[in-house]
Amino acid sequence: VKEEKILLLAVQSDSSDDKLEAVIQLISNCANVDAELLHPTDLEWLFMQIRSCSVSSMVEVNYNVIPELCGAKEEQVCPNVIRTAFDISEVQVKNIDEMNKAAIKKNGAWIVMLSDIIGVQFKIRTIKEAQDPLYELVESIIDGPNVYSKEDFSAADFEEFINGFSPLQLKPISDFLHAVPFSEVEITSRCSVCKKEFKSTVTDIVNFLV
């Protein structure tokens, strides 16, 4: 009942931060983990498993149909919304191995090299909306034999550091961030009138559940 109230309050809010906070609080209440330190995909996966056990593995969703894409004939009137569902067990995690190609994993963090001696160490974890989300993920800066932890520099210092590189030099960071694993599920729906089948790939799955 306590967790249901948490989710109900989150549903009524338009803030993504409120929804994320609800998910973190629910997982912290139901699992023996520090939810705020979890990778976003792990957070999402745990939330889906809890939802599957406590409610159902089936998640009902509305598929909005574009009338021009429907297969209705002149005498038919197809619905604008199709009620369908997806099974949590069908959700897949993509890009699991891609991060190994974009960065070096060390002690639970990832090092992205910008040159032969300069690199940035990141820790991918769940963060709320922030003015500088990249800075929030940084653990340290490596400059040859020197390692500067996050306590040694501010967000402004980090911005100045990043601005000292060209877009081409920063491409390894872009490649790394695009290689982060994510959850994905394909939702299939069928029009009850014209019987046309629609498919949609969804990645932001938690929004369907909160």
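User: In this model, which residues are exposed on the other side of helix 1, away from its buried ones?

Analyst: Bearing in mind that the model is predicted, the residues exposed on that other side are Glu-4, Lys-5, Leu-8 and Leu-9. The buried residues of helix 1, which spans residues 2–11, are Ile-6, Leu-7 and Ala-10. These buried residues lie on the same side of helix 1 because they cover an arc of only 95° around the axis.

User: Against which helices do the buried residues of helix 1 pack?

Analyst: They pack against helix 2 (16–30) and helix 3 (40–54).

User: How is a pair of aromatic rings described?

Analyst: One gives the distance of the centres together with the angle of the planes. In this structure the count comes to eight aromatic pairs. For Phe-153 and Phe-158, the ring centres are 6.2 Å apart and the planes stand at 25°, so this pair is stacked, the cut-off being under 30 degrees.

User: Which residues form one aromatic cluster with Phe-153 and Phe-158?

Analyst: That cluster is formed by Tyr-135, Phe-153, Phe-158, Phe-161 and Phe-165. Phe-153 counts as buried because its relative accessibility is 9%, and Phe-158 is buried with a relative accessible area of 1%. Over the face of Tyr-135 lies Lys-150, at 4.6 Å from the ring centre.

User: In which sense do strand 9 and strand 10 pair, and over how many bridges?

Analyst: Strand 9 (residues 182–190) and strand 10 (residues 197–202) pair in the antiparallel sense over six bridges, and Ile-187 stands opposite Ser-200 in strand 10. Their hairpin has six residues between the strands, and in this hairpin Lys-195 takes a positive phi near 70°.

Key. Residues numbered from 1 in each chain as written. Predicted model: local features only at pLDDT ≥ 70, side-chain atom pairs only at ≥ 80, totals over all residues. Heavy atoms only, no water. Pairing = 2+ DSSP bridges. Helix = DSSP H or I, 4+ residues; strand = E, 2+ residues; numbered from the N terminus. Buried < 20%, exposed > 50% of the residue type's maximum accessible area, 1.4 Å probe, protein only. Arc of directions from axis to C-beta. Contact = heavy atoms within 4.5 Å. Phe/Tyr/Trp six-rings, centres within 6.5 Å; stacked < 30°, edge-to-face > 60°. Lys NZ or Arg CZ within 6 Å of the ring centre and 35° of its normal.
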